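Here's a quick look at how some helices pack, within a chain and between chains. Have the structure open while you read.

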Amino acid sequence: MVVDGHIPEGRLCRSRTDADVGETLAGVLDRGLTGYVVFEPQGSILRGGDERAVLTFEEGVPVLAYHAPTDAGGTDALGALSGGLFHAESYELPADALADAHRVDAFEIPPTAPADRLADDDTLVKRTREAAPDDRVDDGADAGAVAEFLSDPDRIEAIRQEARAEAEERAAEWGLTDQLDDG
Amino acid sequence: MVEAFAVASGKGGTGKTTSTLALGMALADEYDVTVIDADTGMANLLFHAGLDDADVTLHDLLVESSGVDVDEAVYDRFGMSVVPCGTSLDGFAAADPGRLRDVVADLAADTDVLLLDSPAALGSKSAVLPVVLADRIVVVLQPTVPSLSDGLKVQEYARSYGTSTAGVLFNRVRPDEDVDAVADRAARYFGGTTLGSVPESDAVRAARRAGEPLLAHAPEDPAADAFHEAAATLDVRSGDAAGVADRFRSAVVPDRP
């Protein structure tokens, strides 16, 4: 049970103790896995900690990322999977069992982000992009969308205000309030 | 004379580490440059700089009891001083992010330009510290809505801490993207100057695989030219090294009364 309990326990279909993230992603893509993979850094179990990170997949294409120890979701969670080998367990689930979790936009990642950032593998990036549904590979590079975005001062002001409020709130959390600029 | 820049993007995949090293190498023609991998949770600068087997890294400097001298984590590479960060989660777990200010203060004393390769995230203290500590940020963007949106967000975080924007650099620009039009519009919302537009290039990945910065691996590549132009456009301000060092030392954790 992971990601706020939205993902039911799947059927364990593969388990490796010395898994490379890139090879795991390639294998998941080849098998067209729908389900999730739990990555745990080697030694984590011995240390008694819960250092698990989870990626979910639809037909082999990454959808969500979540890192339990930091409660980070989305691309923020991918940092936990950088470098090193992992104990990786792949679980299968019917697509409808993932539907609730896949509505959590904050945890969603671009389909090619794991291959690009964690595996640095051109071929895997290309294969993942080709396998991803069209509505998930729109990376916003559309010139019309960019022009529209930059012509909407209200939308940009909203992003700024939200970021400013978030920065101030988190500064308090991290003990950085005194570093905030009064101006 | 010193100015510290955080090279930031807010979003992964924009080529921030490539940009940091490229700007560093280009600036090293004129300045004494130190590059620090401040992305302590997802370090990768070491792979770009041929330092995969570095014995001592920033992680060691961020552990109070390690007894490691700052100089031990500084490597002379490609005309720059490079401080890589380790990739182990154990190292990350043991590191105290607050100590980054001391490390930066020490390094600031002996260099002209400090470049902090910053995390592509804002979700933790260690991720946000580079933009808190820097004098100004360089925002690396792609001409896409998610990248511009995340760039605005990291700029706003930086401004909250009094860190202004030195400029924006458009990177990984594809031939079909009209970046000039985007840059003109974006300039209304981003501070500083538009430093340039770097084309997407296969040479970047080849350089990464070779463990060399782009400017060393493919100095004639159009992307390398664009980074040179961007570095020339960046106005490095003179600062008082001692003053900067003091500021870093007093930052983040105020002295007890």
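## A helix pair inside chain A

The crossing of α1(A) and α3(A) is a left-handed one. In this predicted model, α1 covers residues 21-31 of chain A and α3 covers residues 122-131 of chain A. Their axes come within 11 Å and cross at roughly 30°. Angles under 35 degrees count as roughly parallel, so that's what α1(A) and α3(A) are to each other.

Who does the touching? On the α1(A) side you'll find A:G22, A:L25, A:A26, A:L29 and A:D30, and they meet A:L124, A:R127, A:T128 and A:A131 of α3(A). Sort the residues of this contact by type and you get five nonpolar, two polar and two charged.

## Where the two chains meet

Now for chain A with chain B: 42 residues of chain A are in contact with 48 residues of chain B. The area buried between these chains is about 3900 Å², and carbon and sulfur atoms give 56% of that. There are also five salt bridges between chain B and chain A.

## A helix pair across the chains

Take helix α6 of chain A (residues 153-174) and helix α7 of chain B (residues 145-160): their axes come within 8 Å and cross at roughly 45°. That makes α6(A) and α7(B) oblique to each other, and the crossing is right-handed. The residues of this contact split into seven nonpolar, three polar and eight charged.

Among the residues that meet here are A:I159, A:R160 and A:A163 from α6(A), and B:L152, B:E156 and B:Y157 from α7(B). A:R160 and B:E156 form a salt bridge, with their closest N and O atoms 3.9 Å apart.

Definitions and conventions:
Residues are numbered from 1 along each chain as its sequence is written. Chains are lettered from A and ligands numbered from 1 in the order in which they are written. This is a predicted model: local features need pLDDT of at least 70, side-chain atom pairs count only at pLDDT 80 or more; totals for chains, interfaces and linings use all residues. Side-chain values use heavy atoms; hydrogens and water are left out. Axes are lines fitted to C-alpha atoms, for helices over the stretch in contact, and angles run from 0 to 180 degrees between N-to-C directions. Helices (H or I, at least four residues) and strands (E, at least two) are DSSP runs, numbered from the N terminus. Angles under 35 degrees count as roughly parallel, over 145 as roughly antiparallel, 65 to 115 as roughly perpendicular and the rest as oblique. A crossing is left-handed if the near helix is turned anticlockwise from the far one by less than a right angle, and right-handed if clockwise. Contact means heavy atoms within 4.5 Å. Ala, Val, Leu, Ile, Met, Phe, Trp, Tyr, Cys and Pro count as nonpolar, Asp, Glu, Lys and Arg as charged, and the others, Gly among them, as polar. Buried area is the accessible area (1.4 Å probe) that two parts lose on being put together, summed over both. A salt bridge is a side-chain nitrogen of Lys or Arg within 4 Å of a carboxyl oxygen of Asp or Glu.
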